[in-house]
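The following exercises are to be worked with the sequence and the coordinates at hand. Each task is followed by a solution in steps.

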Amino acid sequence: MTRHSFASDNYAPAHPAMLGALSAANVGHAGAYGADPWTERLQEVVRGHFGERAVAFPVFNGTGANVVSLASMLPRWGAVVTSEHAHIHQDENAAPERVGGIKLLTVPAPDGRLTPAAVDRFVGDLGDQHRAQPLVVSITQSTELGTVYSSEEIRAISDRAHAAGMRVHLDGARLANAAAALGASLRELTTDAGVDVVSFGGTKNGLLFGEAVVVLDPGAAQGVEFVRKMTMQLASKTRFVSAQLTALLTDGLWRANAAHANAMAARLRAALEPVATTGEGPDGGARATSSGLAFSQPTQANAVFAVLPRVVAERLRADFAFYDWAPAAPDASGAERVEVRWMCSWDTRAEDVDAFATAIRAALETPERA
């Protein structure tokens, strides 16, 4: 049995408010497939956060939200421009391609963020019958590498995409974390920044299950309700998804949960700063101190990315769960190193972080015991 997990915010339990919302919704009979008071209330709450034209379509999970969003935004010949690190590319078992029939056009993004240049890269393919048509740009907020887009950066991408006739999708599995980090509203990072459709995340921020496709511009998505059904993302008892999403989006719970997770990640990084560096080494990568620890990305939301000796990572994993992210260049002695990801969640406690940081520092000091 491991201690508190730093593998993923998906590992966290459901927030008590979600269990309360489920219990409150578990009374009497109600219309199926979203024809219920809880889903009606969700629409009101979503409009309050995203704008008067916003419409929410509750779904089971994040992969489903992305597939439904993108499939409803594209014709059969359409393609999506996205980061090489995008969840839709790396971690959804080709669901956009297999289920949605969507071509993904990936772009290098060393810090996880696209720029308007990603749009320019594919504009020349528009109208070419030999090329999949790049009609949607998909960004992730916060990104798969733990970085966040400012509202201005999203607006720049949206403006370039719209000028070329493309639409913008935002994978918001951790949108709440980005908003909390920036002190921004959900609307500022989406509707006001030119985003057309959002996959809004709940499970990583306290829900037992459930996400939502939020259509911000009705003209950007066609037949969402049909796509949701045909991709098996329409719950007969939708009220239990809607009740949780409403609870999350009421009284600032979404922000409180996300801000706490972010704060715990910042605490972990601060505890390790004295034995690590983010400086650049001669090979262009992160330069480690004699401890062998180096941060590989800025800590802007609830993720800490670091490089350390593989033997140290394996030693730590005996007591703490976390994921390897990628192999890293060997150190000066040729010892193997690995990039790891440490995630914090709404229920991560300060004592969990402190215990983990102490264990990391101890393992770095005696790597030969790994």
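**Exercise 1: The sheet**

In this predicted model, seven strands form an open sheet with mixed pairing, in the order β1-β7-β6-β5-β4-β2-β3. Determine which strands are the edge strands, and describe how β4 and β5 pair.

*Solution.*
Step 1. The edge strands, each of which pairs on one side only, are β1 (55–59) and β3 (103–107).
Step 2. From one strand to the next, the twist averages 25°.
Step 3. Strand β4 (residues 133–140) pairs with strand β5 (residues 167–172) in the parallel sense, over five bridges. Within this pairing, S138 stands opposite H169 in β5.
Step 4. Helix α7 (residues 151–163) lies across β4 and β5, and runs at about 145° to β5.

**Exercise 2: Helix α3**

Compare the span of helix α3 with the expected value, state how its N-terminal end is capped, and decide whether the helix is largely enclosed or not.

*Solution.*
Step 1. Helix α3 covers residues 62–73, which is twelve residues. At 1.5 Å a residue, 16 Å is expected; from the first C-alpha to the last, the helix reaches 17 Å, close to that value.
Step 2. The N-terminal end is capped by N61, with a side-chain oxygen 2.7 Å from the backbone nitrogen of G64.
Step 3. A residue counts as buried under 20% relative accessible area. The buried residues of α3 are G64, A65, N66, V67, V68, S69, L70, S72 and M73.
Step 4. Because nine of the twelve residues are buried, α3 is largely enclosed by the rest of the structure.

**Exercise 3: The nonpolar cores**

Identify the residues with the most contacts inside the largest nonpolar core, and list what F200 touches.

*Solution.*
Step 1. The largest nonpolar core has 55 residues, and F50, V137, F200 and V214 have the most contacts inside it.
Step 2. Helix α10 (residues 239–248) supplies the largest share of this core, six residues.
Step 3. Leaving aside residues up to four places away in sequence, F200 touches F50, G172, L175, L186, E211, A212, V214, L245, L248 and L249.
Step 4. A second, separate core has 27 residues, including M264, L268, V275 and V312.

**Exercise 4: Residue R269**

Is R269 buried or exposed, and which backbone oxygen lies 2.8 Å from a polar atom of its side chain?

*Solution.*
Step 1. R269 is placed in helix α11 (residues 253–272).
Step 2. Its relative accessible area is 12%, so R269 is buried.
Step 3. The backbone oxygen in question belongs to Q297.

Key. Residues numbered from 1 in each chain as written. Predicted model: local features only at pLDDT ≥ 70, side-chain atom pairs only at ≥ 80, totals over all residues. Heavy atoms only, no water. Helix = DSSP H or I, 4+ residues; strand = E, 2+ residues; numbered from the N terminus. Buried < 20%, exposed > 50% of the residue type's maximum accessible area, 1.4 Å probe, protein only. Polar contact = N/O pair within 3.5 Å; in protein donor to acceptor, adjacent residues only side chain to side chain. Expected span 1.5 Å × (residues − 1). Pairing = 2+ DSSP bridges. Axes fitted to C-alpha atoms, helices over the stretch in contact; angles between N-to-C directions. Contact = heavy atoms within 4.5 Å. Core = buried A, V, L, I, M, F, W, Y, C linked by side-chain atoms within 4.5 Å.
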